[in-house]
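Visitor: I should be grateful for a close look at a single part of this protein. Please set that part within the whole once its own surroundings have been described.

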Amino acid sequence: HQADETSKGRQSSLKHLQNPLGGWDIMSTQYGSSRTMTSWLRWVAGWLKDEQVLCATKEAITDNYYELSPINKLNAGVESLVIKLNESKVLVVESRRFDPSFDIDTGNSKDGVLVYLVDALLGTGEGNQRLLSPRDLSNYIYEEKLWWDWREIDAILFQGDSVVYEGLKIEVFYSGKDSDIVRVSKSN
């Protein structure tokens, strides 16, 4: 999945604090390896239809499975899961696949799930979208062919990976060619 840590190298920094969405959205940096837009921004702009976004509340989650299509697939089904945490915060879960129209081949897989927190009380320059990862966000993976900044926030969740946020566990149950199945449950 990811580039070999010993041959590519990892470096710790504060990039995840300065730009908490890293290179995973063109609105966060045009120099990142993914030059697409998050499903959240697409939905807010009206580019995703309501039926392409599954909505749930934190309270309604018990142990649920959701199938998500990659966000850059045209005429796809459900592309995003939005879980309301409170009046101003949501968790967003979306499926990603490498797309040569938007992504740069950096030697690291872009095929998996992205999970991020959206805080509506913050402006875009204040980091209103923050990546969550099963790995340490302050350690970066080396990305080949990136000009300006070779560091990438290690945020893709692969099959078997999970994150826990405010008592919710989001796990990639299955990752296939055309979709991901995500399990969302209460964490112990």
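**The loop residue Ser-69 and its setting**

Guide: The model shown is a predicted one. Ser-69 belongs to the loop that links strand S3 (63-68) to strand S4 (80-84). Although the residue sits in a loop, Ser-69 counts as buried, because its relative accessible area is 14% and the limit for that class is under 20%. When neighbours within four places in sequence are set aside, the contacts of Ser-69 are Ala-76, Gly-77, Val-78, Glu-79, Ser-95 and Asp-178.

A contrast is offered by the surface. There, Tyr-65, Phe-173 and Tyr-174 make up a nonpolar patch, and their accessible area together is about 330 Å². Of these residues, Phe-173 is part of strand S11, which covers residues 168-175. The relative accessible area of Phe-173 is 45%; Phe-173 is therefore classed as partly exposed, since that class lies between the 20% limit for buried residues and the 50% limit for exposed ones.

As for the whole, the protein contains three helices and twelve strands. Its chain has 188 residues, of which 51% count as buried, and Ser-69 is itself buried. Among contacts between residues at least 6 apart in sequence, 60% join residues at least 24 apart. The area that the protein exposes is about 9,300 Å², with 51% of it supplied by carbon and sulfur atoms.

Notes
Residues numbered from 1 in each chain as written. Predicted model: local features only at pLDDT ≥ 70, side-chain atom pairs only at ≥ 80, totals over all residues. Heavy atoms only, no water. Patch = residues over 30% accessible without salt bridge, like charges linked within 9 Å, V, L, I, M, F, W, Y side chains within 5 Å. Areas by Shrake-Rupley, 256 points an atom, 1.4 Å probe, with all protein chains shown as cover. Salt bridge = Lys/Arg side-chain N within 4 Å of Asp/Glu carboxyl O. Helix = DSSP H or I, 4+ residues; strand = E, 2+ residues; numbered from the N terminus. Buried < 20%, exposed > 50% of the residue type's maximum accessible area, 1.4 Å probe, protein only. Contact = heavy atoms within 4.5 Å.
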